[in-house]
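User: Please give a first-year student a close look at the empty space inside this model. A short example of buried and exposed residues may follow.

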Amino acid sequence: MSSQSPARNPADSAAGDHNPWIIAMVVALATFMEVLDTTIANVALRYIAGGLAVGPDEAAWVVTSYLVANAIVLTASSFLAKRYGRKAFFMAAITLFTLSSVLCGFAWSLDSLLFFRILQGLGGGGMAPLAQSILADSFPPEKRGQAFALYGVAIVVAPVVGPTLGGWLSDQYSWHWCFLINAPVGVIALFLIWWMVQDPKSAIEERKRLRREGVRFDIVGFVLVATFLGSLEVVLDEGQRKDWFASNLIVVFACLMVVSFVAMIPWELSHKNPVIDLRLLGKRQFGSCFLVMLATGAILIATTQFLPQLLQDYFGYTATWAGLALSPGGVVTAMMMFVVGRLSGFVQPKYLIATGATIIAFAMYDLTNLYGDLNFGFFVWSRIYIGIGLPMIFLSITAASYEGISKDQTDQASALINVARNVGGSMGVSLAQNILAYRQQFHTSRLVEHVVPSEPAYQETLRAATQVFANRGASALDAQNQAVAWIGQQVQTQSAFLAYIDVFWALAIVSACAVPLAMILKNVKRGGEAPVGGH
């Protein structure tokens, strides 16, 4: 990398006189810290439940509350950054995120932890789209692909590192450190942003214009969008645990979601300065990218949550080892980011997206070869395959989604793409949870039909298992009882494996659906005509 900044007026660059690659590393560090918190608590939930003396279902709100707050503030980040200054808003977001992380680490009850997690989500939600805008303003168009590769490492690798780091901290120390580790990183990032980042001249002029014209925040639109996204997150994340519409809580949030969605559309379409420009979703190019990002978020977060769960529940892995099974995939993802950054210079995004989605679909298909004697290497390689495909999709969407978008819409587009990643993640987890629960019940009922005394296979298995336990010193009666219990356990395990196979089939279909969506995208112009965020 060159030690000199790309040739452009320092006043028009967020990097000013500083090396833009240092700026890229700083904003990537801050974003990595924020995205990490979407998954780091997943493997620590059982420790949190035990430490705060609450049930697993109650502890699950630690993840849900963060995602809800994160999605809500994303929609407001564009206006707030323009109105109060991108640097000031980014520093405020980092400060709130860091302080609330420390408070999460010292939480004394579930209620206090949930409150601090909401604050943490509010602080973190504005960081990802602002980081994109800062990068776009720090680099000339021809350098942005490489810069976004570095940023992409933070977005895609952080959810993979989360379970590993969270599992290790929880196993070796305590769940409190899953939050406390953000403190030094946040302080360093805050200082570096204050020292090195500036608001470009164009952004300052835009802020002055908004103040001069008295442009106000779309508070009604924000409330409607926040209510819709918040309710959607709650329904998706808690629906399966609460037995869906058998729960009054889910019914209430589903009604709020529908009412706010119906009211949101005409309001946002008719408002002069909407908090979300819904017309962007009606454009073939951006709408297709939005849907592909939904699918990408679904696969990234669902596999990151369910693979460690599978390894811990049915293969006897600790939280640390379950996380380590995902780590090589994270390394491959980081390397592939820079490879794809180079490829994007001469391969159209739609072909990279289609190739990446195909690779991930085959990776999900590979995971359908699930059985009880699989070794550590099988799961490592499955994650490596995913790690090859994800960067092709993520970086290419960054380029393709801004094709045909005017400069004053790029902050909106950035926020919507990040909303798609968050909501897609919740949708993927919800889909996987429901398939896992209902298909496990289905497979159990089918397998139990064959576990009857009239079945010769059952008789033979019972006889052999009874003999094994008798050889270990059990009495004839105890040996038979242990054999019956062992067969029941095997039925539950096999039904779980079959249900996980169904989950991976569903995710393979989701990924395959991204291929035709990619192929209808337009070709992106070369030479940087397509902006990638910010002014």
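Analyst: On a 1 Å grid over the protein atoms alone, a cavity is a set of points where a 1.4 Å probe fits but cannot get out, and its lining residues have an atom within 4 Å of a point. The model is predicted: local features need pLDDT of at least 70 and side-chain atom pairs pLDDT 80 or more, while totals for chains, interfaces and linings use all residues. Residues are numbered from 1 along each chain as its sequence is written, and side-chain values use heavy atoms, without hydrogens or water.

There are 5 cavities of 30 Å³ or more, and the largest has a volume of about 80 Å³, a volume being the space filled by probe spheres set on the points, which are joined across faces, edges and corners. Its lining consists of Gln132, Tyr151, Ile155, Met293, Phe394, Ile397, Thr398, Ser401, Tyr402, Ile417, Asn418 and Arg421. Two or more of these residues come from each of helices H8 (144-172), H18 (376-400) and H19 (410-448); helices are DSSP runs (H or I, at least four residues), numbered from the N terminus. The lining divides into 7 nonpolar, 4 polar and 1 charged residues, where Ala, Val, Leu, Ile, Met, Phe, Trp, Tyr, Cys and Pro count as nonpolar, Asp, Glu, Lys and Arg as charged, and the others, Gly among them, as polar.

As the example, helix H2 (residues 45-52) has Leu45, Ile48, Ala49 and Leu52 buried (under 20% relative accessible area, with a 1.4 Å probe and protein chains only). Seen down the axis of H2, these buried residues fall within an arc of 100°, so they line one face of the helix; the arc is that of the directions from the helix axis to the C-beta atoms. On the other side of H2, Arg46, Gly50 and Gly51 are exposed (over 50%).

Notes
1 Å grid on protein atoms, 1.4 Å probe; cavity = no way out; pocket = protein on both sides within 12 Å on 5 of 7 lines; lining within 4 Å.
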